[in-house]
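Please walk me through this protein model, beginning with one pair of strands and working outwards to the sheet and the space it borders.

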Amino acid sequence: MTITLEDFEGAWVVERRIVHEDQPDAQFRGSARFLPDGDGLLYEEKGLMKIEGLRPVSAQRSYLWREGEDGVIEVLFEDGRAFHRIDPENPEDTHWCDPDTYEVRYRFGQWPDWIATWTVSGPRKAYKMVSTYRRPVPGID
């Protein structure tokens, strides 16, 4: 199966684990929605972030997902700046955010469940973040 931008449209449950090298670990659980916005999809995520030793806090973020050339999905920050690309044939990419490097790998082998793994390294940040997405189950999620 080749994943296309349209395949992401709709609601998802997202669970995330963030393992830091030198800070407490964190967990996020919430919902994500991919909504048509005229140019592609708007990704909106909301949920609860739990960091070891601290009170849970609400967290949210948004990105723009756009159809690129040859089936590549362009992921942009909400203000339109380029973030990274998802090539279904080679779903790995790197984003440089001076002075740190963000490397992502997507796994779609269990579609519609999918995983995004970020490895962040540099002088300011060092962590691994694994996000698992699945469709919500009515009456449960």
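**From strand pairs to a pocket**

Leu 64 stands opposite Leu 76, which belongs to strand β5. This is a predicted model, and the pairing of these two leucines is a useful place to enter it. Strand β4, covering residues 57–67, runs antiparallel to strand β5, covering residues 73–77, and five bridges join the two.

Further along the chain, strand β8 (residues 100–107) and strand β9 (residues 114–121) also run antiparallel, here joined by seven bridges. Within this pair Tyr 106 faces Ala 116 of β9, and the two strands form a hairpin that has six residues between them. On to the next strand, β9 is joined by seven bridges to β10 (residues 127–134), again with the strands running antiparallel. Trp 114 has Tyr 133 in β10 as its bridge partner. The hairpin of β9 and β10 has five residues between its strands, and there Gly 122 takes a positive phi near 160°.

How do these pairs fit into the whole sheet, and in which order do its strands lie? The sheet is an open one of ten strands with antiparallel pairing, and its order reads β6-β5-β4-β3-β2-β1-β10-β9-β8-β7. Because β6 (82–86) and β7 (92–97) stand at the edges and have a single partner strand each, one side of each is left without a neighbour in the sheet. Neighbouring strands of this sheet are turned against each other by 25° on average, with direction ignored.

The strands can next be followed to the space that they help to line. Rolling a probe the size of a water molecule over the atoms shows where empty space is left. In this model the largest pocket holds about 270 Å³ of space. Its lining is made up of 18 residues, and those lying nearest the centre of the pocket are Arg 61, Tyr 63, Phe 83, Trp 118 and Met 129.

Which strand gives the most to this lining? That strand is β10, with four residues, while β3 (41–51), β4, β6, β8, β9 and β10 each supply at least two. As for the character of the lining of the largest pocket, its residues divide into 13 nonpolar, two polar and three charged. The strands met at the start thus return here: β4, the partner of β5, is among those that supply the lining of the largest pocket, as are β8 and β9, the strands of the hairpin with six residues between them.

Conventions: Residues are numbered from 1 along each chain as its sequence is written. This is a predicted model: local features need pLDDT of at least 70, side-chain atom pairs count only at pLDDT 80 or more; totals for chains, interfaces and linings use all residues. Side-chain values use heavy atoms; hydrogens and water are left out. Two strands pair if DSSP finds at least two bridges between them. Axes are lines fitted to C-alpha atoms, for helices over the stretch in contact, and angles run from 0 to 180 degrees between N-to-C directions. On a 1 Å grid over the protein atoms alone, a cavity is a set of points where a 1.4 Å probe fits but cannot get out, and a pocket is an open set with protein on both sides within 12 Å along at least five of seven lines; lining residues have an atom within 4 Å of a point. Grid points are joined across faces, edges and corners, and a volume is the space filled by probe spheres set on the points. Ala, Val, Leu, Ile, Met, Phe, Trp, Tyr, Cys and Pro count as nonpolar, Asp, Glu, Lys and Arg as charged, and the others, Gly among them, as polar.
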